[in-house]
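The following exercises concern a predicted model. Each task is followed by a solution in steps.

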Amino acid sequence: MSSALDSPVVGIVMGSDSDWPMMEPAAEALAEFDLPYEAHVVSAHRTPRRMLDYAESAAGRGLRVVIAGAGGAAHLPGMVAAATPLPVIGVPRPLDRLDGLDSLLSIVQMPAGVPVATVSIGGGRNAGLLAVRILAAADPELRAAVERFQAELADAVVVRDAALQE
Ligand code: RP5
């Protein structure tokens, strides 16, 4: 689970490999903007030392944003945020029970001082796109690519509206 490109700038982590179907759209969004990423299973509960090693080494390894997805008692995004200075985007996974509300609340209700930018339940694609925007803030070429993407979104709405009129 990693892009073919060298030197990842975005780290995608998830509590279980079962989270990958939710997280793969994040990877696809990054790939659309030619951003190299890595993807790993790093569980806050099953592999706490591995999680801390990952978070503490992330910035030093060249990562600039971390996307963390988990479900249920979804402590991974918050714990990663506690152990890295990088921006962390949390993705709540809907499990069989509670429809992801448990995951959402576990991720979004962070104490002051330890922010996690939480996207919608199951919002892997938006997590990837948010990482792109964070990186684009200091990269005019990438920002131009985001603006082209936004224009394409708008064009698609106009095309669909035109089709409704036929
Ligand atoms: C969480 O428990 C994982 O992030 C996953 O969303 C959920 C279920 O994990 P598995 O039992 O499928 O490995 O920690």
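**Exercise 1. Determine which residues point each way from β4, and state whether they are buried or exposed.**

Step 1. V88, G90 and P92 point one way from β4, while I89, V91 and R93 point the other way.

Step 2. In a regular strand, side chains alternate between the two faces of the sheet.

Step 3. A residue counts as buried when 20 or more other C-beta atoms lie within 10 Å of its own. All of the residues listed for β4 are buried.

Step 4. Since six of the six residues of β4 (residues 88-93) are buried, the strand is largely enclosed by the rest of the structure.

**Exercise 2. Identify the strands that pair with β4, and describe the crossovers that lead to and from β4.**

Step 1. On one side, β4 pairs with β3 (residues 65-71) in the parallel sense, over six bridges. Within this pairing, I67 stands opposite I89.

Step 2. The connection is a right-handed β-α-β unit made of β3, helix α3 (residues 76-82) and β4.

Step 3. β4 also pairs with β5 (residues 117-118), again in the parallel sense, over two bridges. Here T118 of β5 is the bridge partner of G90.

Step 4. Helix α4 (residues 101-108) carries the chain from β4 to β5, and this β-α-β crossover is right-handed.

**Exercise 3. Derive the order of the strands in the sheet, and state which strands stand at the edges.**

Step 1. Begin with β1 (residues 10-14), which is joined to β3 by five bridges in the parallel sense. V13 has A68 of β3 as its bridge partner.

Step 2. β1 also runs parallel to β2, with five bridges between them; in β2, H40 stands opposite V13.

Step 3. β1, helix α1 (residues 20-32) and β2 form a right-handed β-α-β unit.

Step 4. With the pairings of β4 added, the result is an open sheet of five strands in the order β2-β1-β3-β4-β5, with parallel pairing.

Step 5. The edges are β2 (37-41) and β5; each has a single partner strand, so one side of each is left without a neighbour in the sheet.

**Exercise 4. Locate two residues other than glycine with positive phi, and classify D34 and L98 by their C-beta neighbours.**

Step 1. D34 is not a glycine, yet its phi is positive, at about 55 degrees. D34 belongs to the loop between α1 and β2.

Step 2. D34 has 10 other C-beta atoms within 10 Å and is therefore exposed.

Step 3. L98 has a phi near 70 degrees, also a positive value, and is placed in the loop between β4 and α4.

Step 4. Because L98 has 13 C-beta neighbours inside 10 Å, it counts as partly exposed.

**Exercise 5. List the residues around the ligand and divide them by class.**

Step 1. The shell consists of M14, G15, S16, S18, D19, S43, A70, G71, G72 and R93.

Step 2. These residues divide into two nonpolar, six polar and two charged.

**Exercise 6. Characterise the protein as a whole.**

Step 1. There are six helices and five strands, which run β-α-β-α-β-α-β-α-β-α-α from the N terminus on.

Step 2. The radius of gyration is 16 Å, close to the 15 Å that the globule rule gives for 166 residues, so the protein is as compact as a globular protein of that length.

Step 3. Of the 166 residues, 38% are buried.

Step 4. Among contacts with a separation of 6 or more, 68% are between residues 24 or more positions apart.

Technical notes. Residues are numbered from 1 along each chain as its sequence is written. This is a predicted model: local features need pLDDT of at least 70, side-chain atom pairs count only at pLDDT 80 or more; totals for chains, interfaces and linings use all residues. A residue is near a molecule or strand if its C-beta atom, placed from the backbone, lies within 6 Å of it. Ala, Val, Leu, Ile, Met, Phe, Trp, Tyr, Cys and Pro count as nonpolar, Asp, Glu, Lys and Arg as charged, and the others, Gly among them, as polar. Helices (H or I, at least four residues) and strands (E, at least two) are DSSP runs, numbered from the N terminus. The radius of gyration is taken over C-alpha atoms; the globule rule is 2.2 Å times the number of residues to the power 0.38. A residue is buried if 20 or more other C-beta atoms lie within 10 Å of its own, exposed if 12 or fewer, and partly exposed in between; C-beta atoms are placed from the backbone. Two residues are in contact if their C-beta atoms, placed from the backbone, lie within 7 Å. Two strands pair if DSSP finds at least two bridges between them. A crossover is right-handed if, with the strands pointing away from the viewer, the path from the first strand over the helix to the second runs clockwise.
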